[in-house]
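Biologist: I would like a close look at a single part of this assembly, and I would appreciate a connected account rather than a list. Please start from the strand pairing and work outwards from there.

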Protein chains: 4
Amino acid sequence: MTEADLQAFLDREFPEIGPLGIVVERVDARTITVRLPENPATLRPGGTISGPTMFALADVAVYLLILAQIGPVALAVTTSVGMNFMRKPPAGDLLAEAELLKLGRRLAVGHVRLHAVGSDELVADASLTYSIPPRA
Amino acid sequence: MTEADLQAFLDREFPEIGPLGIVVERVDARTITVRLPENPATLRPGGTISGPTMFALADVAVYLLILAQIGPVALAVTTSVGMNFMRKPPAGDLLAEAELLKLGRRLAVGHVRLHAVGSDELVADASLTYSIPPRA
Amino acid sequence: MTEADLQAFLDREFPEIGPLGIVVERVDARTITVRLPENPATLRPGGTISGPTMFALADVAVYLLILAQIGPVALAVTTSVGMNFMRKPPAGDLLAEAELLKLGRRLAVGHVRLHAVGSDELVADASLTYSIPPRA
Amino acid sequence: MTEADLQAFLDREFPEIGPLGIVVERVDARTITVRLPENPATLRPGGTISGPTMFALADVAVYLLILAQIGPVALAVTTSVGMNFMRKPPAGDLLAEAELLKLGRRLAVGHVRLHAVGSDELVADASLTYSIPPRA
């Protein structure tokens, strides 16, 4: 699946996070970058992006990275997540850069790092595991 | 803080999850129950509640449980989360029952279990850690 | 599998943690209690039990709880762990009380709490996921 | 602290994992590599390295990486861990490559990847958080 395929899948299948406006920036066989546009509506007092919003960004990044490999038919489900929130994100768009650590027959694992555009400092990291349905 | 205090705090400070309509059912010194009303708008295809929605529910439950102890002034922030998604939630409201495992000077930890109203089967569990600002 | 069966399995199959002397206290269909005897040799300076020792205790507790249900033939492997270390354990034996949260066809999940004998205060908690091989 | 300083600290302060023979390979301001020599005594049946052994390796790697920055006086303690076990390690030595994600005043976070010497395939990854005592 290409960036455009993944974007279309995201827009169609994840309506409840549609308001976040997440953009698929680029994908290859092992990594993906997605972007969360700055949005005053999702900020907490003090200018922090909420935990659930960052969780959604991390989950979408790894999920699309797996789908890019196994195709949109398969129904992968998140089974476990470990996530650390390390810094308050600065103003501006937030990037999630994910890497596929394992793509097995039954489980896939990805690690994702969140940071602001133009900043090296990590805002959060997460490792997510997905259960993959049996493939024909 | 009472149930009504926590509900008012939630409605005021967490506008971005306001549409979820989370209800503070009851709280005591060590546990809390919050409820996510059924909402067709937040369902994924197949009837599953999305991971970010369940994350938000778990995070709110433990956060309010800590605030009930330390008061609404303190600004606790989530620092790490481990969460397992175990079953597709059945139709109906979802309950989060959280327990305070530690309330230290610097860190607080809670464990939360999500299950449908009227069902013993866990949909998800999570352990969340919060950093607590120095208190006067 | 009974307590004695699990103890024999533990002693036979986990030689590298044999020196810890972990004891299977009791097991039923949903919970298990195992005990780590106090051992000056495993203490860190300051009297703390090491993280890897507590990890081993937590892992053994949930692993044996699963085996008690599916039998000793099946080869379950740990796939993910979220663990929080909350307090320095006091002197004395340490108990791990684990509960089976899910026993699916492919994945099993357990939650375990570590505390000293005679104390309510949690030393650590962990959620562990195991991949279960296909069963005939 | 140099590689030799860290090795001496490890050998002195972590006697209970001394038998593992972990070697500090190299360290810089942001990353560290430590090595677990192959040891038939720590293998599980089937040739798998045990979870607690891999946990110890991951924990040591990030702990030493933090100490290399803040010095050996400070007493950092592990507060939470998320770890995924992805593949059975092949025969041979195991490397842990850790990266410092955050070094704050109160909390430090590192991410570590475990793989066999000469192999790109990850055996495990972990994110670990440490509480850092107040520094003068």
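In what sense do E4(D) and E5(D) pair, and over how many bridges?

Modeller: The model is a predicted one, and within it E4(D) and E5(D) pair in the antiparallel sense, over nine bridges. These two strands form a hairpin, with three residues between them, and one position that shows the register is D:Glu99, which stands opposite D:His111 in E5(D). As general background, strands of a sheet pair through backbone hydrogen bonds, and the pairing may be either parallel or antiparallel.

E5(D) also pairs with E6(D): these two strands run antiparallel and are joined by nine bridges. Here D:Leu107 has D:Ser131 of E6(D) as its bridge partner. E5(D) and E6(D) form a hairpin as well, this one with five residues between the strands, and in it D:Gly118 takes a positive phi near 85°. As to burial, nine of the ten residues of E5(D) are buried, so this strand is largely enclosed by the rest of the structure.

The corresponding strands of chain A can be described in similar terms. Strand E5 (residues 107–116) of chain A pairs with strand E6 (residues 122–131) of chain A in the antiparallel sense, again over nine bridges, and A:Val112 has A:Ala126 in E6(A) as its bridge partner. Both of these strands belong to an open sheet of twelve strands, with antiparallel pairing, whose order is E1(A)-E2(A)-E4(A)-E5(A)-E6(A)-E3(A)-E3(B)-E6(B)-E5(B)-E4(B)-E2(B)-E1(B). Strand E1 (23–27) of chain A and strand E1 (23–27) of chain B stand at the edges of this sheet, each with a single partner strand, so one side of each is left without a neighbour in the sheet. Neighbouring strands of the sheet are turned against each other by 20° on average, direction ignored.

The two chains of that sheet are also related to one another as copies, since a rotation of 180° with 0.0 Å of shift along its axis superposes chain A on chain B, with an RMSD of 0.0 Å. The two copies are thus related as by a two-fold rotation axis. Of the residues of chain A, A:Gly82 comes closest to that rotation axis, at 2.2 Å for its C-alpha, and the same surface serves both copies, with 100% of the contact residues of chain A recurring in chain B.

Returning to chain D, we can turn to the side that touches chain A. A rotation of 180° with 0.0 Å of shift along its axis superposes chain D on chain A, with an RMSD of 0.0 Å. Of the residues of chain D, D:Gly82 comes closest to this axis, at 2.7 Å for its C-alpha, and here too the same surface serves both copies, with 100% of the contact residues of chain D recurring in chain A. Twelve residues of chain D are in contact with twelve residues of chain A. The elements that give two or more residues to this side of chain D are strand E3 (77–85), strand E4 (94–103), strand E5 (107–116) and strand E6 (122–131), and the largest share, four residues, comes from E6(D). By class, this side of chain D has four nonpolar, five polar and three charged residues.

Notes. Residues are numbered from 1 along each chain as its sequence is written. Chains are lettered from A and ligands numbered from 1 in the order in which they are written. This is a predicted model: local features need pLDDT of at least 70, side-chain atom pairs count only at pLDDT 80 or more; totals for chains, interfaces and linings use all residues. Copies are superposed by least squares on the C-alpha atoms of residues with pLDDT of at least 70 in both. Two residues are in contact if their C-beta atoms, placed from the backbone, lie within 7 Å. Ala, Val, Leu, Ile, Met, Phe, Trp, Tyr, Cys and Pro count as nonpolar, Asp, Glu, Lys and Arg as charged, and the others, Gly among them, as polar. A residue is buried if 20 or more other C-beta atoms lie within 10 Å of its own, exposed if 12 or fewer, and partly exposed in between; C-beta atoms are placed from the backbone. Two strands pair if DSSP finds at least two bridges between them. Axes are lines fitted to C-alpha atoms, for helices over the stretch in contact, and angles run from 0 to 180 degrees between N-to-C directions.
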